[in-house]
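Colleague: Before I plan anything around this one, could you take me through a single part up close? After that, show me how the rest fits around it.

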Amino acid sequence: MMLGHRTKQRTARKARPESPGKRAQNKERTKRDILRAALGLFSKNGFFRTTTKQISNKAKIAEGTLFNYFKTKEDLALYFFEQELARLTEWYEEQRDLRDAGLPEKLFAIIHRHLERISPYEEFIGAVYLRALQPVSRLSLLSLESQELNLRYLRFIQQILRETEEKGEIPKIGDFGAYAFGLFHLAIISYWLQDSSLGKENTLALLDRSLKFANSFLNKGWEW
Amino acid sequence: MVSKERPQTRIGRSLRIGRLGLSLTGSYLGYQFQNLFLKESERPGKRTAFQKSAAQRIRKELESLKGPVMKLGQILSMQSHMLPEEALSELANLQMRAPAMHPTLARAQFKASVGKFPEEVFREFTPEPFAAASLGQVHRAVTKAGEKVAVKIQYPAIRTAIEHDFKLLRSVSLPGRLTGYTGLTGPATEAMTAELERGMLQETDYVNEGRNIDAFRERLKFLNYVCVPSVHWDLSTDRVLCMSFVPGEPLPDFLARNKPSQELRNRIGIRLLELFNLQLHRMHQIHADPHPGNYLIDSDGRIGLVDFGCVKKFSQDFIELMRAFEERAWLRGDEHVRRMAHLIWGLAASSKPQLARKLMDQAIAFYEMLFPGASGRTAIVDFGSDKVLKTMFRIWDDTCVQTKTVNPGFAFYSRAEMGLYNLLHLLRARINTSAVLEKFYEQIDDHRKLVC
């Protein structure tokens with residue numbers, strides 16, 4: 001009787017249809033759980049040495065389920081960057097103090113915040129950079145997935161630059177500014193990865209001076 | 001056009017320094033060209049205008065370069081005979097006008113050094129600095145225990161920048177180019193540059209500065225008119241220095257706002273003179289960054305001392321020398337003169353006896369002017385007149401031209417001493433210097449036996 005009752009309850013639960021919104025939320029939660037488990041393993045064992053089996057074990061899901069969400073570790077990395085970009089834009093919108101700041105400070109804050117966020121996963125980021133150098137990789141700037149993500153990032157930067165243009169702080173630079181800053185952002189991450197100074201202060205100095213120089217250059221051209 | 005921004009690389013800085021030279025030359029050539037068409041009577045005014053404009057240009061360029069070049073500007077402003085008066089007043093402003101780190105950078109640098117953001121370790125932290133320093137900037141904060149503190153944060157990677165800049169300074173002989181003064185070349189410049197580099201690199205170590213503060217606080221605690229901050233070691237690192245807040249206003253602000261009476265000006269002047277000699281003769285070290293902004297004065301004339309990054313320690317020989325000067329040891333004969341010349345300029349007594357005598361005569365005249373009590377003239381020295389400063393500039397000039405060598409320790413001492421007279425000049429103090437010194441020596445009888 002008791003067993004039958006339990007079976008009945010389980011059947012009743014299964015029978016309740018899951019709303020599409022709820023399903024998407026659950027799916028997203030599982031993806032984040034997998035990412036969290038993977039990042040922990042990447043920090044411990046390194047990106048290349050971590051297997052999908054280890055990730056699925058740590059995330060407490062079947063390996064097959066893992067493949068339903070991420071076909072490769074590169075997909076996981078792309079998801080990581082997508083999440084980071086979303087967090088970064090949300091964070092930026094919340095920073096009231098930055099609204100009246102000059103452009104160099106705003107852009108400094110964005111890169112610095114990003115570096116702060118990714119600093120626990122330095123080895124993983126380094127590995128991703130190496131992988132991204134391969135043209136066939138989905139992490140390569142040439143891949144459509146990367147470009148989609150990149151486009152989202154460029155629009156975010158473009159918006160900040162447009163606001164600055166409208167205030168008359170810098171001359172009109174069009175979309176070139178966002179592209180240039182995107183490349184600069186990548187270059188700073190490369191520098192940061194190999195920066196062995198205490199607290200990575202050399203990166204702070206390079207970032208600050210470069211942005212101030214660029215801002216000055218934009219305003220004064222070769223007359224800096 | 002002068003940029004407010006700092007060039008990012010060594011190459012950028014080279015270009016900037018080159019440009020500074022070029023633009024000054026350009027302006028100067030323009031001035032010379034114009035001069036051809038000017039009447040004789042108009043020339044002096046035009047020259048003054050040019051010097052003022054060049055001085056402002058130098059100050060702005062040095063500000064944007066920061067680091068050693070700016071420091072060099074400060075030192076030149078303190079003791080250089082080499083620049084016209086217009087340039088001196090501009091250069092004296094360098095430290096107070098240094099461009100600031102924006103709040104996000106200051107916060108990031110704090111985290112890079114302390115390991116936590118300011119808001120995590122303080123109850124309150126003001127993102128905007130209230131004072132600038134050549135190597136960093138100072139913020140107000142309140143500790144979790146409720147104490148008001150001053151937090152000095154260093155520009156990131158300034159030590160590396162300084163090391164690079166000194167290589168650059170040596171390669172372009174900047175001191176000579178900035179001033180157009182060609183006398184300062186060779187070993188004299190190298191010795192001074194090396195001393196400057198050593199001092200500046202030491203200034204980048206805030207742990208060292210904290211130790212200096214502790215030492216000065218301990219040794220000066222018996223003086224009820226001096227306030228030295230205390231260090232919060234738990235919130236300090238080699239690049240962040242957290243100190244108790246010292247009340248008072250920088251001397252120039254104090255003078256401008258409070259319009260103090262002559263009596264109060266004299267009292268502060270006497271205290272500064274006493275404090276300087278006390279450091280030299282009792283501690284054998286001096287607070288060697290005599291920028292007026294480093295002296296905070298309150299309404300009762302108490303003196304708050306800040307910025308202990310540059311502290312110069314002296315050998316017993318050197319202390320002996322300075323005491324000998326102040327006690328008029330030259331009256332004891334040529335042997336003393338030769339010994340003093342050797343200590344100051346490193347002149348071989350046998351090789352240049354006449355030069356030694358000549359320079360010593362100048363120095364003697366200077367100290368006779370500074371401490372006139374014993375010679376029967378009026379005992380009051382009026383520092384409101386610029387006679388003391390000008391005489392010191394002239395002596396320094398002659399020394400550099402004629403000896404081409406100087407004891408680097410003396411260069412630092414000279415800078416601090418010139419700073420003291422500059423403060424007394426700002427105060428327009430009228431002081432019986434001999435009486436102050438006499439009283440002071442009575443208090444340190446132990447040191448008398450050290451006089452040669």
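How many residues does helix α2 (residues 20-45) of chain A have, and how far does it reach from its first C-alpha to its last?

Modeller: A quick word on what you're looking at: this is a predicted model, where local features need pLDDT of at least 70 and side-chain atom pairs count only at pLDDT 80 or more, while totals for chains, interfaces and linings use all residues. Residues are numbered from 1 along each chain as its sequence is written, and chains are lettered from A and ligands numbered from 1 in the order in which they are written.

Now your helix. α2(A) has 26 residues and reaches 37 Å from first C-alpha to last, close to the expected 38 Å, which is 1.5 Å times one less than the number of residues. Helices here are DSSP runs (H or I, at least four residues) and strands are E runs of at least two, numbered from the N terminus. Right after α2(A) comes A:Gly46, with a positive phi near 95°.

Which of its residues are buried? They are A:Ile34, A:Leu35, A:Ala37, A:Ala38, A:Leu41 and A:Phe42. Buried means 20 or more other C-beta atoms within 10 Å of the residue's own; 12 or fewer is exposed, in between is partly exposed, and C-beta atoms are placed from the backbone. In general, an α-helix has 3.6 residues a turn, so residues three or four places apart point the same way. The buried residues of α2(A) pack against α3 (52-59), α4 (63-69), α5 (73-94) and α7 (122-132) of chain A.

Some of that packing partners with a domain split. Chain A is assigned domain 1 (20-71) and domain 2 (72-224), with bounds from an automatic or database domain assignment. Their C-alpha centres lie 27 Å apart. The contact takes eleven residues from domain 1 and 13 from domain 2 of chain A, a contact being two C-beta atoms, placed from the backbone, within 7 Å. The domain 1 side has seven nonpolar, two polar and two charged residues; Ala, Val, Leu, Ile, Met, Phe, Trp, Tyr, Cys and Pro count as nonpolar, Asp, Glu, Lys and Arg as charged, and the others, Gly among them, as polar.

What about cores? A nonpolar core is a set of buried Ala, Val, Leu, Ile, Met, Phe, Trp, Tyr and Cys residues joined through C-beta atoms within 7 Å. The largest has 102 residues, and B:Val240, B:Leu272, B:Phe383 and B:Leu424 have the most contacts inside it. Helix α17 (residues 408-427) of chain B gives the most to that core, ten residues. Apart from it lies another core, of 18 residues, among them A:Leu35, A:Ala77, A:Phe124 and A:Ala127. A:Leu35 is one of the buried residues of your helix.

Over in chain B, B:Val240 touches residues including B:Phe110, B:Val151 and B:Tyr206, leaving aside those up to four places away in sequence. Strand β6 (residues 240-244) of chain B runs antiparallel to β4(B), joined by five bridges; two strands pair if DSSP finds at least two bridges. One of those partnerships is B:Val151 with B:Cys242. Strand β4 (residues 148-154) of chain B has six of its seven residues buried, and pairs antiparallel with β3 (residues 136-143) of chain B over seven bridges.
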